[in-house]
Amino acid sequence: MAETIKGLKRTAYCGEFREEHAGQQAVVFGWVQRQRDLGQLIFVDLRDRTGIVQLAFDQDTDKAVFDKAFTLRSEYVVAARGTVRVRSSRNKDIPTGDVEIAVEELRILNKAETPPFEIVENSVTAESTRLKYRYLDLRRADLQRNLLLRHRIAKVTRDYFDENGFIEIETPMMIKSTPEGARDFLVPSRVHNGEFYALPQSPQLYKQLSMVAGFDRYIQLARCFRDEDLRADRQPEFTQIDMEMSFVDVEDVLAIGEGFMKTLFDKVLGVDIPLPLPRLTYTEAMERYGSDKPDTRFGMEIIDLTEAVKDCGFGVFTSAVQGGGTVRCLNAKGAASVLTRKEIDKLTEMVRGIGAKGLAWVRWTEENCNASFGKFLTEEEMNAVLSAAGAEQGDVVLIIADTVKKHVLSTLGALRLELANKLNITREGYHLLWITEFPFFEWDEESGSYVAMHHPFTSPLDECVQYLETAPDKVYAKAYDLVLNGIELASGSIRITDPELQGHMFRALGMSDEEAQQKFGFLLDAFRYGAPPHGGMGIGLDRLVMQMLGAPSLRDVIAYPKVQNMTELMTECPSAVDEQQLAELGIALLPKKED
């Protein structure tokens, strides 16, 4: 150990001592977790990032050292030198519980005020308080383990990609603002008054330019920024494992991604990920699970009842079918005892809250089989519904009908997740799968036009090119997402490198040649000088760590996160700047709008 304090050099970290070290001299540095004064005996738990070791002061301790130990309080920073010995009363709850250090020299390096909360694992202190004093919160062993595992993941990542021929290239943090789906964070230029840089939403364009430059395998742990509303698995700034490869097609990129996941889970968690990973097309995922990021740790797939109810006596079902829509359901097996009428009413309110017109249901108990629409159906029609749903005694069937198929599927997808929580049917483990062949375009209600579901440089499937400008809804992309336990972990695609095809794409998105040149001219110009076929993806490092740890929030795996309203409580940013700084940037602030 290189650390030296006034002649004391650390011999080991606190959490590293074991019985085989007994009899050895030791020097440790750290923070006082707690001091226990037993009169003629004082014990101090000393903590660093590796764990806790007990310091012992007794009748054999020098009086000046003993008296100094008496003054120690929580979070004092100390250095101690002494002899490792076996404890008379062992503590099996900590790794160092067989030994202690009989202290011969003690130095108080810094005193500490009483912290606003106790530095312990699984703290019950309000998160807002802990985030305000994040430097104290980060002393907690559980958070330190999270960040140490994140460090380990980053190291394994770099090693894996290095071993597979990838080159780490840093891309700029201040770039040209280009449309990429989310709102940019803008940086005003002092030198070019009235003009702005953007913080990168991803290194997308630069990594493609790196392919043009001949670096055929690129990797970067890239910082990315998106000005969008926060949630448990989203932060305004995040880290992406960003990779790109030349002279490849979809299978090559997926093979590298699968190999990375297998290596990572093995080396970090000791978990074997069987390969190849399962795959679903986007259409299959939506039809079966109502989501393009399905959680496959439980079943309960969507069932199509359209054929069974198209001629029944219930107008809600028949009108949906006649209007070109669909009727589909989930069968919650054996859930009749849990999903009472009261619980079903709650689920009805939930689906109405996300746009459904209502929720039809069948509840088959030991006593009888009740249905919210039972009086409208004959016995034969009801039996057809039960048969199509695969229903048995004890089951609850929940049905959505609508003239818009997309609404039915997405509603049942959300309902499926809610049911899994209520019924506690989600299995343990890590369930990875690829979602492939995404629609190239999606209809944007706000703008009344088609927009690119991924980004405008994603290559369409070869057989779909003919529909680019005539039937956008028939175009599917060479795009793929990696899903882990219902969370989108990675997204990528094969890119367009043909200038003519790229022009078709921009026109299909309603972009003129002049607008395309103004926004993306530098990339289009580069493609005219020999662009290799290439593709890649970005893997969310924060989400990956969160899922591997089973953490409930990204804030648990990021050292200094933002909260829901995009502020950092510790430094109280964002904050106002003075008028002189604004004047230098040519910026005048409008009066704040009243809420």
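Here are a few worked exercises on the structure above.

The model is predicted, so local features need pLDDT of at least 70, side-chain atom pairs count only at pLDDT 80 or more, and totals for chains, interfaces and linings use all residues. Residues are numbered from 1 along each chain as its sequence is written, and side-chain values use heavy atoms, with hydrogens and water left out.

**Exercise 1: the overall picture**

Work out how many helices and strands the chain has, and what share of its residues is buried.

*Solution.* Start with the secondary structure: 16 helices and 24 strands. Helices (H or I, at least four residues) and strands (E, at least two) are DSSP runs, numbered from the N terminus. Next, burial: 48% of the 595 residues are buried, meaning under 20% relative accessible area with a 1.4 Å probe, protein chains only. Last, the C-alpha atoms fill a box of roughly 95 × 75 × 55 Å along the principal axes.

**Exercise 2: the eight-stranded sheet**

Find which strands stand at the edges of the open sheet of 8 strands.

*Solution.* Begin with the order, β8-β11-β12-β24-β23-β22-β19-β13, with mixed pairing. Two strands pair if DSSP finds at least two bridges between them. β8 (167-168) and β13 (279-281) each have a single partner strand, so they are the edges, and one side of each is left without a neighbour in the sheet. Now step inside: β11 (residues 217-225) and β12 (residues 237-246) run antiparallel, joined by 9 bridges. To get your bearings there, pick Gln-220, whose bridge partner in β12 is Asp-242. Finally, add helix α5 (residues 204-212), which lies across β11, β12 and β24 (534-540). Helix α5 runs at about 25 degrees to β12, an angle taken from 0 to 180 degrees between N-to-C directions of lines fitted to C-alpha atoms, for helices over the stretch in contact.

**Exercise 3: a buried charge**

What surrounds Glu-258, and what does its side chain reach?

*Solution.* First, place Glu-258 in helix α6 (residues 250-269). Then list what Glu-258 touches (heavy atoms within 4.5 Å): Leu-275, Pro-276, Leu-277 and Trp-434, leaving aside residues up to four places away in sequence. Now look for a salt bridge, that is, a side-chain nitrogen of Lys or Arg within 4 Å of a carboxyl oxygen of Asp or Glu. Glu-258 is buried yet has none; Arg-279, the nearest side chain of opposite charge, is 4.6 Å away. The side chain of Glu-258 does reach the backbone nitrogen of Leu-277, at 3.2 Å.

Note on methods
Buried < 20%, exposed > 50% of the residue type's maximum accessible area, 1.4 Å probe, protein only. Lys, Arg positive; Asp, Glu negative; His and termini not counted. Polar contact = N/O pair within 3.5 Å; in protein donor to acceptor, adjacent residues only side chain to side chain.
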